[in-house]
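User: Please take a close look at one part of this model for me. I would like to follow how its strands are put together, and what surrounds one residue there.

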Amino acid sequence: MKVTSIVNGTIIDHVPAGTALKVLHYMNIDPAQTRLALIMNAVSQRFGSKDIIKIEGREDFDLTALGFIAPQATIDTVRDGRIISKRNPVRPDHLVNVISCVNPRCITTVERDLDQRFHLDPSDQGIYRCDYCDEKAEL
C-alpha cells in the first residue's frame with residue numbers, strides 16, 4: 001500500500017486503532033467532501049496499532065471532539081510538505097452538542113431544543129457525565 005505525503009493540510013496521528021471513522025464523524029469532517037487518506041490499524045511502536053488521518057488542504061478544525069475521543073492523538077500541521085507544528089488535543093472540561101445523553105429519562109430526551117451538555121468527571125479524568133442527569137457518556 002502506498003500513501004503519499006500531503007503538501008498542505010493536517011495529519012492526525014496516534015488515533016486509537018479502529019476509531020478513525022468516529023473521529024471524522026465527531027469532528028464533522030465529511031469524507032465525501034474532503035480530500036483525505038485514512039490509514040487504519042497501522043503498526044505503532046507506542047500503542048501496538050493506530051489509525052492515521054491525512055487531510056489535504058485544511059488546517060482549521062474544532063479539536064474539542066478529538067480531545068474527548070482520542071486525547072493521545074497528535075495533530076501535525078503541514079505546509080509546503082513540511083511539518084510546521086505538532087500539538088496534542090486538550091481534554092475539554094465541557095462538551096456542548098458533541099454527544100447525546102443515552103438516559104431515556106433525561107430532560108434532553110423530552111426538551112429537544114436543550115443543548116446536550118457534559119462535564120468531565122473530576123473523580124475520573126476519562127469520564128464525561130451529563131450536566132442534567134449525571135449519566136455517564138458513551139461513544
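Analyst: The protein chain has three helices and eight strands. Helices (H or I, at least four residues) and strands (E, at least two) are DSSP runs, numbered from the N terminus. Along the sequence, their order is β-α-β-β-α-β-β-β-α-β-β.

This is a predicted model, where local features need pLDDT of at least 70, side-chain atom pairs count only at pLDDT 80 or more, and totals for chains, interfaces and linings use all residues. Residues are numbered from 1 along each chain as its sequence is written, and side-chain values use heavy atoms, with hydrogens and water left out.

Now the part itself: strands S1, S2 and S3. Two strands pair if DSSP finds at least two bridges between them. S1 covers residues 9–16 and S3 covers residues 48–56. They run antiparallel, joined by six bridges. One bridge links Gly9 to Glu56 in S3.

S3 also pairs with S2, which covers residues 36–44. This pairing is antiparallel too, with seven bridges. Here Leu38 has Ile53 of S3 as its bridge partner. Three residues lie between S2 and S3, and the two strands form a hairpin.

What happens to side chains along a strand? In a regular strand they alternate between the two faces of the sheet.

Look next at Thr10, which sits in strand S1. Is Thr10 buried or exposed? Thr10 has a relative accessible area of 1%, so it counts as buried. Buried means under 20% relative accessible area, exposed over 50%, and partly exposed in between (1.4 Å probe, protein chains only).

Which residues touch Thr10, leaving out those up to four places away in sequence? A contact means heavy atoms within 4.5 Å. Thr10 touches Ile53, Lys54 and Ile55, among others. The list also holds Arg58, Glu59, Phe61, Ile75 and Asp76. Ile53 has come up before: it is the bridge partner of Leu38.

Step back to the whole chain. Buried residues make up 40% of its 139 residues. Take the contacts with a separation of 6 or more: 54% of them join residues 24 or more positions apart. The C-alpha trace spans about 50 × 30 × 25 Å along its principal axes.

For contrast with Thr10, take Val110 in helix H3, which covers residues 107–110. Val110 is exposed, because its relative accessible area is 61%.
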